Amino acid sequence: MGPLVPFIISEEFNLVVALIAGIGFGFILEQAGFSSTKKLVGLFYGYDFTVLKVFFTAGVTAMIGVLLFGHIGILDLSVIYINPTFLTSAIVGGVIMGAGFIIGGFCPGTSIVAASVGKLDGLAFVFGGFLGVLAFSVGFPYLEELYYANAQGPVIISDKLGISKMLFAFALTAVAFAAFYFTGKIEDRVNNVKQPIPKQTFNRYAISMGLAFVLLGMMAITPDYEQLLQSRIARAEQQKKCVFYEVSAEKLAFEIANNHYKVNVIDVRSPEEFEEYHIPLAINIPLEEILDRKWERYFKQTIKPNYFYAESDTIVKKACLLARFVGDSENYILRESVSQFEAMFQNPQPPPAYASKQEFNTYNFRKEVAYKMENLVEALKNINQPIVQEPIKIQGGCS
Amino acid sequence: MKSKPYMNPYLAGVFLGLILLGTIYVTGRGLGASGAVKSFVANGIAEVAPEYTRQNSFISSYINDRPNGPLQDWLVIQVLGVIIGAFISGVLSNRLKLKLERGPRITNNTRIVAAIIGGLLFGFGSQLGRGCTSGSALSGMAVMSFGGIITMLAIFGSGYGLAYFFKKLWLK
(Lines give C-alpha, C1' and ligand atoms only; values in the text may rest on other atoms or scores of the structure.)
Protein backbone atom coordinates (compact mmCIF):
# COMPACT_ATOMS: atom_id res chain seq x y z
CA MET A 1 0.00 0.00 0.00
CA GLY A 2 1.30 3.42 -0.91
CA PRO A 3 2.83 5.80 -0.16
CA LEU A 4 5.93 3.67 -0.56
CA VAL A 5 8.11 6.08 1.44
CA PRO A 6 9.24 5.42 4.14
CA PHE A 7 8.12 1.81 4.61
CA ILE A 8 9.13 0.33 1.29
CA ILE A 9 11.44 2.97 -0.14
CA SER A 10 13.95 4.52 2.23
CA GLU A 11 14.33 8.24 2.87
CA GLU A 12 17.67 8.19 1.08
CA PHE A 13 16.31 6.58 -2.05
CA ASN A 14 13.46 9.08 -1.87
CA LEU A 15 15.93 11.68 -3.11
CA VAL A 16 16.45 9.64 -6.26
CA VAL A 17 12.69 9.60 -6.67
CA ALA A 18 12.74 13.39 -6.29
CA LEU A 19 15.25 13.69 -9.11
CA ILE A 20 13.23 11.45 -11.40
CA ALA A 21 9.95 13.22 -10.61
CA GLY A 22 11.65 16.56 -11.20
CA ILE A 23 13.04 15.50 -14.57
CA GLY A 24 9.57 14.42 -15.68
CA PHE A 25 8.04 17.61 -14.32
CA GLY A 26 10.57 19.88 -16.04
CA PHE A 27 10.42 17.96 -19.31
CA ILE A 28 6.64 18.19 -19.56
CA LEU A 29 6.50 21.85 -18.53
CA GLU A 30 9.00 22.71 -21.26
CA GLN A 31 7.23 20.56 -23.85
CA ALA A 32 3.94 22.28 -23.01
CA GLY A 33 5.49 25.65 -23.76
CA PHE A 34 5.80 26.93 -20.22
CA SER A 35 9.29 28.25 -20.87
CA SER A 36 7.74 31.06 -22.87
CA THR A 37 6.44 33.96 -20.86
CA LYS A 38 4.22 35.10 -23.73
CA LYS A 39 2.44 31.80 -23.69
CA LEU A 40 2.01 31.99 -19.93
CA VAL A 41 0.51 35.47 -19.73
CA GLY A 42 -1.69 34.70 -22.73
CA LEU A 43 -4.03 33.25 -20.15
CA PHE A 44 -4.71 36.68 -18.72
CA TYR A 45 -5.27 38.42 -22.06
CA GLY A 46 -7.27 35.68 -23.68
CA TYR A 47 -5.01 34.86 -26.62
CA ASP A 48 -3.52 31.63 -25.28
CA PHE A 49 -5.09 29.41 -22.64
CA THR A 50 -2.39 26.73 -22.68
CA VAL A 51 -1.66 27.24 -18.98
CA LEU A 52 -5.25 26.66 -18.00
CA LYS A 53 -5.53 23.60 -20.23
CA VAL A 54 -2.34 21.96 -18.97
CA PHE A 55 -2.91 22.95 -15.37
CA PHE A 56 -6.52 21.86 -15.15
CA THR A 57 -5.95 18.63 -17.07
CA ALA A 58 -3.05 17.73 -14.79
CA GLY A 59 -5.02 18.58 -11.66
CA VAL A 60 -8.06 16.58 -12.70
CA THR A 61 -5.96 13.61 -13.86
CA ALA A 62 -4.02 13.49 -10.61
CA MET A 63 -7.14 14.01 -8.51
CA ILE A 64 -9.03 11.17 -10.18
CA GLY A 65 -5.92 9.01 -9.89
CA VAL A 66 -5.54 9.72 -6.17
CA LEU A 67 -9.21 8.93 -5.59
CA LEU A 68 -8.94 5.73 -7.63
CA PHE A 69 -5.81 4.55 -5.80
CA GLY A 70 -7.50 5.22 -2.48
CA HIS A 71 -10.65 3.47 -3.64
CA ILE A 72 -8.95 0.24 -4.60
CA GLY A 73 -6.79 0.33 -1.51
CA ILE A 74 -3.31 0.81 -2.89
CA LEU A 75 -2.80 4.31 -1.48
CA ASP A 76 -3.45 5.27 2.12
CA LEU A 77 -5.18 8.61 1.76
CA SER A 78 -4.99 9.25 5.49
CA VAL A 79 -1.23 9.77 5.46
CA ILE A 80 -0.57 11.66 2.24
CA TYR A 81 0.30 15.32 2.57
CA ILE A 82 -2.70 17.61 2.43
CA ASN A 83 -1.70 21.25 2.27
CA PRO A 84 -2.93 22.80 5.50
CA THR A 85 -5.35 25.69 5.25
CA PHE A 86 -4.52 29.07 6.72
CA LEU A 87 -7.29 31.03 5.09
CA THR A 88 -5.99 34.58 5.45
CA SER A 89 -2.45 33.89 4.32
CA ALA A 90 -3.68 31.62 1.51
CA ILE A 91 -5.71 34.47 0.06
CA VAL A 92 -3.22 37.30 0.71
CA GLY A 93 -0.32 35.15 -0.50
CA GLY A 94 -2.29 34.11 -3.57
CA VAL A 95 -3.13 37.71 -4.45
CA ILE A 96 0.54 38.73 -4.15
CA MET A 97 1.53 35.74 -6.26
CA GLY A 98 -1.02 36.74 -8.89
CA ALA A 99 0.55 40.18 -9.05
CA GLY A 100 3.97 38.56 -9.41
CA PHE A 101 2.59 36.41 -12.21
CA ILE A 102 1.23 39.29 -14.29
CA ILE A 103 4.24 41.55 -13.70
CA GLY A 104 6.98 38.94 -14.01
CA GLY A 105 5.30 36.66 -16.49
CA PHE A 106 6.27 33.42 -14.73
CA CYS A 107 5.61 31.39 -11.65
CA PRO A 108 8.55 29.82 -9.77
CA GLY A 109 8.39 26.43 -11.51
CA THR A 110 8.07 27.86 -14.99
CA SER A 111 10.80 30.45 -14.41
CA ILE A 112 13.22 27.66 -13.56
CA VAL A 113 12.16 25.84 -16.73
CA ALA A 114 12.64 29.01 -18.76
CA ALA A 115 16.05 29.69 -17.26
CA SER A 116 17.08 26.11 -18.05
CA VAL A 117 16.55 26.65 -21.77
CA GLY A 118 18.36 29.96 -21.81
CA LYS A 119 15.66 32.57 -21.18
CA LEU A 120 17.31 35.50 -19.45
CA ASP A 121 14.01 36.86 -18.16
CA GLY A 122 13.43 33.48 -16.51
CA LEU A 123 16.77 33.77 -14.78
CA ALA A 124 15.90 37.28 -13.61
CA PHE A 125 12.62 35.97 -12.19
CA VAL A 126 14.45 33.22 -10.29
CA PHE A 127 16.79 35.85 -8.87
CA GLY A 128 13.78 37.92 -7.82
CA GLY A 129 12.32 34.82 -6.20
CA PHE A 130 15.36 34.52 -3.95
CA LEU A 131 14.99 38.15 -2.95
CA GLY A 132 11.29 37.64 -2.20
CA VAL A 133 11.87 34.61 0.00
CA LEU A 134 14.69 36.44 1.75
CA ALA A 135 12.47 39.47 2.33
CA PHE A 136 9.74 37.29 3.79
CA SER A 137 12.15 35.38 6.03
CA VAL A 138 13.69 38.54 7.43
CA GLY A 139 10.34 40.26 7.76
CA PHE A 140 8.73 37.23 9.37
CA PRO A 141 8.47 38.67 12.89
CA TYR A 142 6.14 41.34 11.46
CA LEU A 143 4.17 38.87 9.38
CA GLU A 144 3.83 36.12 11.92
CA GLU A 145 0.31 37.02 12.95
CA LEU A 146 -0.93 37.09 9.37
CA TYR A 147 0.95 33.88 8.62
CA TYR A 148 -0.84 31.87 11.30
CA ALA A 149 -4.24 33.58 11.16
CA ASN A 150 -7.38 31.55 10.51
CA ALA A 151 -5.73 28.15 10.80
CA GLN A 152 -8.02 25.30 9.85
CA GLY A 153 -5.64 22.37 9.48
CA PRO A 154 -5.46 20.04 6.50
CA VAL A 155 -9.09 20.29 5.45
CA ILE A 156 -10.44 18.79 2.26
CA ILE A 157 -12.57 21.06 0.15
CA SER A 158 -15.42 18.57 -0.18
CA ASP A 159 -15.73 18.39 3.62
CA LYS A 160 -15.74 22.16 3.73
CA LEU A 161 -18.58 22.28 1.23
CA GLY A 162 -20.38 19.43 2.93
CA ILE A 163 -20.49 17.20 -0.13
CA SER A 164 -18.89 13.86 -0.90
CA LYS A 165 -15.46 13.62 -2.46
CA MET A 166 -16.93 11.97 -5.53
CA LEU A 167 -19.47 14.72 -6.06
CA PHE A 168 -16.78 17.37 -5.84
CA ALA A 169 -14.58 15.43 -8.25
CA PHE A 170 -17.49 15.15 -10.66
CA ALA A 171 -18.20 18.86 -10.44
CA LEU A 172 -14.57 19.90 -10.85
CA THR A 173 -14.12 17.61 -13.85
CA ALA A 174 -17.24 19.01 -15.45
CA VAL A 175 -16.08 22.58 -14.78
CA ALA A 176 -12.71 21.76 -16.32
CA PHE A 177 -14.28 20.41 -19.51
CA ALA A 178 -16.62 23.38 -19.76
CA ALA A 179 -13.64 25.71 -19.26
CA PHE A 180 -11.74 23.98 -22.06
CA TYR A 181 -14.65 24.50 -24.41
CA PHE A 182 -15.27 28.15 -23.62
CA THR A 183 -11.62 29.20 -23.47
CA GLY A 184 -11.23 27.67 -26.93
CA LYS A 185 -14.02 29.96 -28.12
CA ILE A 186 -12.42 32.99 -26.46
CA GLU A 187 -9.03 32.16 -27.99
CA ASP A 188 -10.60 32.00 -31.44
CA ARG A 189 -12.31 35.35 -31.01
CA VAL A 190 -9.29 37.19 -29.58
CA ASN A 191 -6.96 35.83 -32.23
CA ASN A 192 -9.57 36.29 -34.97
CA VAL A 193 -9.12 32.81 -36.32
CA LYS A 194 -11.20 29.72 -36.41
CA GLN A 195 -9.32 26.58 -35.56
CA PRO A 196 -11.46 23.56 -36.18
CA ILE A 197 -10.44 20.49 -34.21
CA PRO A 198 -9.53 17.58 -36.53
CA LYS A 199 -11.92 14.68 -36.31
CA GLN A 200 -9.35 12.24 -34.95
CA THR A 201 -8.28 14.65 -32.21
CA PHE A 202 -11.91 15.36 -31.38
CA ASN A 203 -12.56 11.64 -30.93
CA ARG A 204 -9.59 11.36 -28.61
CA TYR A 205 -10.87 14.24 -26.50
CA ALA A 206 -14.29 12.63 -26.31
CA ILE A 207 -12.83 9.28 -25.26
CA SER A 208 -10.66 10.88 -22.56
CA MET A 209 -13.58 12.84 -21.15
CA GLY A 210 -15.75 9.76 -21.21
CA LEU A 211 -13.03 7.79 -19.44
CA ALA A 212 -12.79 10.40 -16.67
CA PHE A 213 -16.51 10.25 -16.01
CA VAL A 214 -16.66 6.46 -16.27
CA LEU A 215 -13.90 6.13 -13.67
CA LEU A 216 -15.64 8.56 -11.33
CA GLY A 217 -18.96 6.83 -11.87
CA MET A 218 -17.48 3.44 -11.13
CA MET A 219 -15.98 4.71 -7.91
CA ALA A 220 -19.30 6.22 -6.93
CA ILE A 221 -21.24 2.98 -7.30
CA THR A 222 -18.73 0.37 -6.16
CA PRO A 223 -17.71 -0.09 -2.53
CA ASP A 224 -14.19 1.02 -1.70
CA TYR A 225 -11.47 -1.19 -0.31
CA GLU A 226 -12.36 -0.75 3.32
CA GLN A 227 -16.09 -1.24 2.76
CA LEU A 228 -15.26 -4.35 0.79
CA LEU A 229 -13.15 -5.65 3.63
CA GLN A 230 -15.87 -4.96 6.19
CA SER A 231 -18.52 -6.61 4.05
CA ARG A 232 -16.35 -9.68 3.57
CA ILE A 233 -15.96 -9.89 7.30
CA ALA A 234 -19.67 -9.45 7.86
CA ARG A 235 -20.39 -12.16 5.33
CA ALA A 236 -17.89 -14.57 6.83
CA GLU A 237 -19.39 -13.96 10.25
CA GLN A 238 -22.88 -14.41 8.97
CA GLN A 239 -22.19 -17.66 7.24
CA LYS A 240 -20.17 -18.95 10.17
CA LYS A 241 -17.92 -20.40 7.58
CA CYS A 242 -14.77 -19.11 9.00
CA VAL A 243 -12.70 -21.47 11.09
CA PHE A 244 -11.07 -19.88 14.07
CA TYR A 245 -8.09 -21.50 15.65
CA GLU A 246 -8.78 -21.27 19.33
CA VAL A 247 -6.32 -21.78 22.11
CA SER A 248 -7.07 -22.34 25.74
CA ALA A 249 -5.91 -19.97 28.44
CA GLU A 250 -3.56 -22.67 29.75
CA LYS A 251 -1.89 -23.11 26.41
CA LEU A 252 -1.50 -19.36 25.89
CA ALA A 253 -0.09 -18.86 29.37
CA PHE A 254 2.34 -21.70 28.80
CA GLU A 255 3.46 -20.15 25.50
CA ILE A 256 3.97 -16.77 27.13
CA ALA A 257 5.89 -18.23 30.04
CA ASN A 258 8.14 -20.45 27.96
CA ASN A 259 8.19 -19.11 24.42
CA HIS A 260 7.37 -15.46 24.85
CA TYR A 261 9.75 -14.49 22.06
CA LYS A 262 7.88 -16.68 19.61
CA VAL A 263 4.40 -15.18 20.00
CA ASN A 264 2.58 -11.87 19.74
CA VAL A 265 -0.19 -11.53 22.29
CA ILE A 266 -2.54 -8.84 21.12
CA ASP A 267 -5.17 -7.15 23.23
CA VAL A 268 -7.86 -5.72 20.96
CA ARG A 269 -9.79 -3.86 23.65
CA SER A 270 -9.63 -0.13 24.27
CA PRO A 271 -6.46 1.38 25.74
CA GLU A 272 -8.30 2.13 29.02
CA GLU A 273 -9.28 -1.49 29.48
CA PHE A 274 -5.78 -2.52 28.54
CA GLU A 275 -4.35 -0.18 31.14
CA GLU A 276 -6.53 -1.69 33.83
CA TYR A 277 -5.47 -5.27 33.28
CA HIS A 278 -3.88 -7.10 30.42
CA ILE A 279 -2.34 -10.48 29.90
CA PRO A 280 1.37 -10.37 30.68
CA LEU A 281 3.53 -9.23 27.75
CA ALA A 282 0.49 -8.44 25.64
CA ILE A 283 0.43 -5.41 23.42
CA ASN A 284 -2.59 -3.27 22.76
CA ILE A 285 -4.00 -2.85 19.25
CA PRO A 286 -7.58 -1.62 19.57
CA LEU A 287 -9.97 -3.19 17.08
CA GLU A 288 -10.48 0.06 15.16
CA GLU A 289 -6.75 0.41 14.67
CA ILE A 290 -6.03 -2.96 13.16
CA LEU A 291 -6.13 -1.61 9.62
CA ASP A 292 -3.72 1.22 10.47
CA ARG A 293 -0.44 0.98 8.72
CA LYS A 294 1.52 1.44 11.91
CA TRP A 295 0.60 -2.10 12.95
CA GLU A 296 1.26 -3.58 9.56
CA ARG A 297 4.34 -5.43 10.61
CA TYR A 298 2.41 -7.58 13.06
CA PHE A 299 0.08 -8.81 10.37
CA LYS A 300 2.31 -8.97 7.34
CA GLN A 301 4.68 -11.58 8.67
CA THR A 302 4.73 -15.33 8.95
CA ILE A 303 7.24 -15.81 11.73
CA LYS A 304 5.39 -15.09 14.96
CA PRO A 305 1.82 -16.24 15.35
CA ASN A 306 -0.63 -13.67 16.74
CA TYR A 307 -2.85 -14.51 19.68
CA PHE A 308 -5.87 -12.24 19.94
CA TYR A 309 -7.96 -11.76 23.01
CA ALA A 310 -10.68 -9.46 24.30
CA GLU A 311 -13.60 -9.58 26.67
CA SER A 312 -16.19 -10.46 24.09
CA ASP A 313 -16.15 -13.30 21.66
CA THR A 314 -17.41 -11.31 18.66
CA ILE A 315 -14.78 -8.60 18.99
CA VAL A 316 -11.95 -11.05 19.12
CA LYS A 317 -13.28 -12.91 16.11
CA LYS A 318 -13.67 -9.69 14.18
CA ALA A 319 -10.11 -8.73 15.01
CA CYS A 320 -8.85 -12.08 13.87
CA LEU A 321 -10.76 -11.82 10.59
CA LEU A 322 -9.46 -8.33 9.94
CA ALA A 323 -5.94 -9.53 10.56
CA ARG A 324 -6.50 -12.40 8.22
CA PHE A 325 -7.74 -10.15 5.42
CA VAL A 326 -5.00 -7.57 5.68
CA GLY A 327 -2.03 -9.83 6.17
CA ASP A 328 -0.68 -13.31 6.07
CA SER A 329 0.19 -13.94 9.71
CA GLU A 330 -0.82 -17.04 11.61
CA ASN A 331 -3.71 -16.00 13.86
CA TYR A 332 -5.22 -17.61 16.95
CA ILE A 333 -7.86 -16.47 19.34
CA LEU A 334 -8.11 -17.02 23.05
CA ARG A 335 -11.08 -19.21 23.91
CA GLU A 336 -11.54 -17.64 27.33
CA SER A 337 -12.34 -14.02 27.92
CA VAL A 338 -9.71 -11.80 29.45
CA SER A 339 -11.44 -11.74 32.84
CA GLN A 340 -11.43 -15.52 32.93
CA PHE A 341 -7.73 -15.45 32.16
CA GLU A 342 -7.20 -12.95 34.91
CA ALA A 343 -9.05 -15.12 37.41
CA MET A 344 -6.99 -18.13 36.44
CA PHE A 345 -3.53 -16.61 36.42
CA GLN A 346 -3.60 -13.50 38.56
CA ASN A 347 -2.99 -14.85 42.05
CA PRO A 348 -4.45 -18.32 41.54
CA GLN A 349 -6.22 -19.51 44.69
CA PRO A 350 -5.10 -22.83 46.15
CA PRO A 351 -7.80 -25.49 46.06
CA PRO A 352 -9.23 -26.79 49.34
CA ALA A 353 -7.28 -29.57 51.03
CA TYR A 354 -9.75 -32.26 49.99
CA ALA A 355 -9.43 -31.45 46.28
CA SER A 356 -8.39 -34.06 43.81
CA LYS A 357 -4.84 -34.51 42.67
CA GLN A 358 -5.73 -33.12 39.29
CA GLU A 359 -6.99 -29.92 40.81
CA PHE A 360 -3.72 -29.58 42.67
CA ASN A 361 -1.80 -30.19 39.50
CA THR A 362 -3.76 -27.46 37.76
CA TYR A 363 -3.15 -25.10 40.63
CA ASN A 364 0.58 -25.81 40.69
CA PHE A 365 0.83 -25.36 36.97
CA ARG A 366 -0.97 -22.04 37.08
CA LYS A 367 1.06 -20.82 39.99
CA GLU A 368 4.29 -21.69 38.27
CA VAL A 369 3.27 -20.12 34.99
CA ALA A 370 2.00 -17.00 36.73
CA TYR A 371 5.28 -16.68 38.57
CA LYS A 372 7.26 -17.10 35.38
CA MET A 373 5.14 -14.56 33.56
CA GLU A 374 5.54 -12.09 36.38
CA ASN A 375 9.30 -12.45 36.24
CA LEU A 376 9.27 -12.04 32.49
CA VAL A 377 7.26 -8.87 32.71
CA GLU A 378 9.81 -7.50 35.14
CA ALA A 379 12.76 -8.62 33.04
CA LEU A 380 11.38 -7.42 29.75
CA LYS A 381 9.89 -4.23 31.02
CA ASN A 382 11.96 -2.11 28.72
CA ILE A 383 12.28 -4.20 25.63
CA ASN A 384 8.75 -5.43 25.25
CA GLN A 385 7.18 -2.16 24.22
CA PRO A 386 5.18 -2.67 21.04
CA ILE A 387 7.00 -1.79 17.87
CA VAL A 388 5.06 1.07 16.40
CA GLN A 389 6.11 2.27 13.02
CA GLU A 390 6.80 5.93 13.57
CA PRO A 391 3.77 7.89 12.48
CA ILE A 392 4.99 9.42 9.29
CA LYS A 393 5.00 13.14 8.96
CA ILE A 394 5.12 13.80 5.29
CA GLN A 395 6.35 17.21 4.37
CA GLY A 396 5.10 18.68 1.19
CA GLY A 397 4.00 21.72 -0.67
CA CYS A 398 6.53 24.42 -1.07
CA SER A 399 6.84 25.46 2.51
CA MET B 1 16.90 24.40 -37.69
CA LYS B 2 13.40 25.31 -36.66
CA SER B 3 12.21 24.42 -33.19
CA LYS B 4 9.55 21.77 -32.90
CA PRO B 5 5.96 22.71 -32.05
CA TYR B 6 4.77 22.46 -28.46
CA MET B 7 2.99 19.38 -27.21
CA ASN B 8 -0.80 19.28 -27.24
CA PRO B 9 -1.73 20.99 -23.95
CA TYR B 10 -4.20 18.31 -22.88
CA LEU B 11 -1.73 15.53 -23.56
CA ALA B 12 0.91 17.45 -21.61
CA GLY B 13 -1.64 17.89 -18.83
CA VAL B 14 -2.35 14.18 -18.66
CA PHE B 15 1.38 13.39 -18.51
CA LEU B 16 1.90 16.01 -15.83
CA GLY B 17 -1.04 14.63 -13.88
CA LEU B 18 0.38 11.12 -14.08
CA ILE B 19 3.79 12.32 -12.89
CA LEU B 20 2.12 14.07 -9.97
CA LEU B 21 0.05 10.98 -9.21
CA GLY B 22 3.14 8.79 -9.32
CA THR B 23 4.95 11.16 -6.99
CA ILE B 24 2.07 11.14 -4.52
CA TYR B 25 1.85 7.35 -4.70
CA VAL B 26 5.55 6.83 -4.08
CA THR B 27 6.34 9.63 -1.66
CA GLY B 28 2.98 10.76 -0.25
CA ARG B 29 3.65 14.36 -1.24
CA GLY B 30 3.23 16.49 -4.32
CA LEU B 31 5.57 18.47 -6.51
CA GLY B 32 6.91 21.94 -5.76
CA ALA B 33 9.28 24.67 -6.74
CA SER B 34 9.46 27.65 -4.39
CA GLY B 35 10.41 25.45 -1.43
CA ALA B 36 13.78 24.80 -3.03
CA VAL B 37 14.49 28.52 -3.05
CA LYS B 38 13.49 28.67 0.59
CA SER B 39 15.89 25.87 1.41
CA PHE B 40 18.83 27.83 0.02
CA VAL B 41 17.73 31.08 1.59
CA ALA B 42 17.13 29.56 5.03
CA ASN B 43 20.37 27.62 5.03
CA GLY B 44 22.24 30.64 3.71
CA ILE B 45 20.95 32.86 6.51
CA ALA B 46 21.71 30.18 9.08
CA GLU B 47 25.25 29.94 7.75
CA VAL B 48 25.93 33.65 7.68
CA ALA B 49 24.11 34.71 10.84
CA PRO B 50 23.58 31.83 13.27
CA GLU B 51 22.71 34.20 16.12
CA TYR B 52 20.01 35.93 14.12
CA THR B 53 18.62 32.58 12.98
CA ARG B 54 17.86 31.55 16.53
CA GLN B 55 15.70 34.63 17.00
CA ASN B 56 13.77 34.16 13.78
CA SER B 57 11.32 31.30 14.31
CA PHE B 58 10.53 31.05 10.59
CA ILE B 59 14.10 30.17 9.66
CA SER B 60 15.05 28.25 12.78
CA SER B 61 12.02 25.94 12.68
CA TYR B 62 12.72 25.24 9.03
CA ILE B 63 16.36 24.44 9.73
CA ASN B 64 15.46 22.26 12.71
CA ASP B 65 13.05 20.23 10.59
CA ARG B 66 15.69 19.63 7.95
CA PRO B 67 19.05 19.29 9.61
CA ASN B 68 20.75 17.85 6.53
CA GLY B 69 21.09 21.05 4.58
CA PRO B 70 19.80 21.98 1.14
CA LEU B 71 21.62 19.24 -0.71
CA GLN B 72 19.51 16.59 0.95
CA ASP B 73 16.27 18.45 0.70
CA TRP B 74 13.60 16.68 -1.35
CA LEU B 75 12.47 19.80 -3.18
CA VAL B 76 15.99 20.98 -3.98
CA ILE B 77 16.75 17.65 -5.63
CA GLN B 78 13.40 17.73 -7.39
CA VAL B 79 14.12 21.22 -8.74
CA LEU B 80 17.52 20.02 -9.88
CA GLY B 81 15.54 17.40 -11.82
CA VAL B 82 13.32 20.12 -13.27
CA ILE B 83 16.39 21.92 -14.60
CA ILE B 84 17.70 18.72 -16.16
CA GLY B 85 14.31 17.73 -17.58
CA ALA B 86 13.66 21.16 -19.07
CA PHE B 87 17.14 21.23 -20.54
CA ILE B 88 16.68 17.82 -22.18
CA SER B 89 13.34 18.92 -23.57
CA GLY B 90 14.90 22.12 -24.89
CA VAL B 91 17.65 20.16 -26.62
CA LEU B 92 15.25 17.65 -28.16
CA SER B 93 12.93 20.35 -29.46
CA ASN B 94 15.61 22.81 -30.57
CA ARG B 95 14.53 25.50 -28.19
CA LEU B 96 17.83 25.97 -26.41
CA LYS B 97 18.83 29.57 -26.98
CA LEU B 98 19.92 32.58 -24.97
CA LYS B 99 16.98 34.90 -25.36
CA LEU B 100 14.99 37.60 -23.66
CA GLU B 101 11.28 37.51 -24.25
CA ARG B 102 9.34 40.72 -23.78
CA GLY B 103 6.24 42.57 -24.90
CA PRO B 104 6.64 44.74 -28.02
CA ARG B 105 6.30 48.08 -26.23
CA ILE B 106 8.99 47.75 -23.56
CA THR B 107 12.77 47.71 -23.51
CA ASN B 108 14.94 44.79 -22.44
CA ASN B 109 15.82 46.60 -19.24
CA THR B 110 12.20 47.12 -18.34
CA ARG B 111 11.57 43.44 -18.93
CA ILE B 112 14.42 42.39 -16.65
CA VAL B 113 13.31 44.76 -13.89
CA ALA B 114 9.70 43.56 -14.23
CA ALA B 115 10.85 39.92 -14.09
CA ILE B 116 12.84 40.59 -10.91
CA ILE B 117 9.93 42.42 -9.29
CA GLY B 118 7.55 39.65 -10.36
CA GLY B 119 9.89 37.03 -8.95
CA LEU B 120 10.20 38.98 -5.73
CA LEU B 121 6.44 39.22 -5.33
CA PHE B 122 5.96 35.57 -6.21
CA GLY B 123 8.70 34.47 -3.83
CA PHE B 124 7.23 36.56 -1.05
CA GLY B 125 3.67 35.43 -1.74
CA SER B 126 4.64 31.78 -1.97
CA GLN B 127 5.97 31.89 1.58
CA LEU B 128 2.81 33.50 2.84
CA GLY B 129 0.62 31.11 0.87
CA ARG B 130 2.77 28.11 1.88
CA GLY B 131 3.49 27.12 -1.68
CA CYS B 132 3.38 28.36 -5.21
CA THR B 133 1.45 27.31 -8.28
CA SER B 134 3.04 23.86 -8.20
CA GLY B 135 3.20 23.03 -4.51
CA SER B 136 0.05 24.70 -3.33
CA ALA B 137 -2.30 25.09 -6.27
CA LEU B 138 -1.56 22.04 -8.44
CA SER B 139 -0.57 19.53 -5.76
CA GLY B 140 -3.30 20.92 -3.51
CA MET B 141 -5.90 20.35 -6.18
CA ALA B 142 -4.79 16.74 -6.64
CA VAL B 143 -5.46 15.99 -2.97
CA MET B 144 -8.46 18.36 -2.79
CA SER B 145 -6.87 20.59 -0.20
CA PHE B 146 -9.14 23.50 0.65
CA GLY B 147 -6.25 25.89 1.21
CA GLY B 148 -4.54 24.83 -2.01
CA ILE B 149 -7.64 25.48 -4.09
CA ILE B 150 -8.22 28.85 -2.37
CA THR B 151 -4.63 29.83 -3.15
CA MET B 152 -5.11 28.78 -6.75
CA LEU B 153 -8.25 30.89 -7.10
CA ALA B 154 -6.49 33.83 -5.46
CA ILE B 155 -3.48 33.61 -7.79
CA PHE B 156 -5.49 33.48 -10.98
CA GLY B 157 -8.16 35.87 -9.72
CA SER B 158 -5.56 38.46 -8.85
CA GLY B 159 -3.76 37.88 -12.15
CA TYR B 160 -6.96 38.60 -14.06
CA GLY B 161 -7.83 41.54 -11.84
CA LEU B 162 -4.47 43.19 -12.43
CA ALA B 163 -4.03 42.19 -16.07
CA TYR B 164 -5.58 45.42 -17.34
CA PHE B 165 -3.09 47.61 -15.44
CA PHE B 166 -0.04 45.81 -16.80
CA LYS B 167 -1.26 45.57 -20.38
CA LYS B 168 1.61 47.75 -21.49
CA LEU B 169 4.13 45.13 -20.42
CA TRP B 170 2.71 42.51 -22.74
CA LEU B 171 0.43 43.75 -25.50
CA LYS B 172 0.90 45.93 -28.56
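In the next few minutes I will go through chain A, then chain B, and then the place where the two chains meet. Please keep in mind throughout that this is a predicted model.

Let me begin with chain A, which is divided into domain 1, covering residues 2–227, and domain 2, covering residues 246–379. If you take the C-alpha centres of these two domains of chain A, they lie 51 Å apart.

Chain B has 172 residues, and 59% of them count as buried. Its secondary structure comes to nine helices and zero strands, so if you follow chain B from the N terminus you will read α-α-α-α-α-α-α-α-α, and its C-alpha trace spans about 50 × 40 × 35 Å along the principal axes. When we take the contacts in chain B with a separation of 6 or more, 57% of them are between residues 24 or more positions apart.

Now to the surface of chain B, where about 7300 Å² is exposed, with carbon and sulfur atoms supplying 67% of that area. Which residues make the nonpolar surface patch of about 390 Å²? They are B:Leu80, B:Ile83, B:Ile84, B:Ile88 and B:Leu92. Of these, let us look at B:Leu80, which sits in helix α5 of chain B, residues 74–92. B:Leu80 has a relative accessible area of 44%, and because partly exposed is the class between 20% and 50%, B:Leu80 is called partly exposed.

For a contrasting case, please find B:Thr23 in helix α1 of chain B, which runs over residues 9–27. Is B:Thr23 buried or exposed? With a relative accessible area of 4%, B:Thr23 is buried, because the cut-off for that word is under 20%. Leaving aside residues up to four places away in sequence, B:Thr23 touches B:Gly28, B:Arg29, B:Gly30, B:Leu31 and B:Trp74, and also, from the other chain, A:Ala21.

That last contact brings us to the interface, where 129 residues of chain A are in contact with 121 residues of chain B. Together the two chains bury about 11100 Å² between them, and 75% of this is on carbon and sulfur atoms. There are charged pairs here as well, since how many salt bridges does the rule find across the interface of chain A and chain B? The rule finds three. A salt bridge that you can look for yourselves joins A:Lys119 with B:Glu101, and in this pair the closest N and O atoms are 3.9 Å apart.

Note on methods: Residues are numbered from 1 along each chain as its sequence is written. Chains are lettered from A and ligands numbered from 1 in the order in which they are written. This is a predicted model: local features need pLDDT of at least 70, side-chain atom pairs count only at pLDDT 80 or more; totals for chains, interfaces and linings use all residues. Side-chain values use heavy atoms; hydrogens and water are left out. Domain bounds come from an automatic or database domain assignment. Patches are made of residues with over 30% relative accessible area and no salt bridge: like charges are joined within 9 Å, nonpolar side chains (Val, Leu, Ile, Met, Phe, Trp, Tyr) within 5 Å. Accessible areas come from the Shrake-Rupley method with a 1.4 Å probe; for residues, only the protein chains shown count as cover. A salt bridge is a side-chain nitrogen of Lys or Arg within 4 Å of a carboxyl oxygen of Asp or Glu. Helices (H or I, at least four residues) and strands (E, at least two) are DSSP runs, numbered from the N terminus. Buried means under 20% relative accessible area, exposed over 50%, partly exposed in between (1.4 Å probe, protein chains only). Contact means heavy atoms within 4.5 Å. Buried area is the accessible area (1.4 Å probe) that two parts lose on being put together, summed over both.
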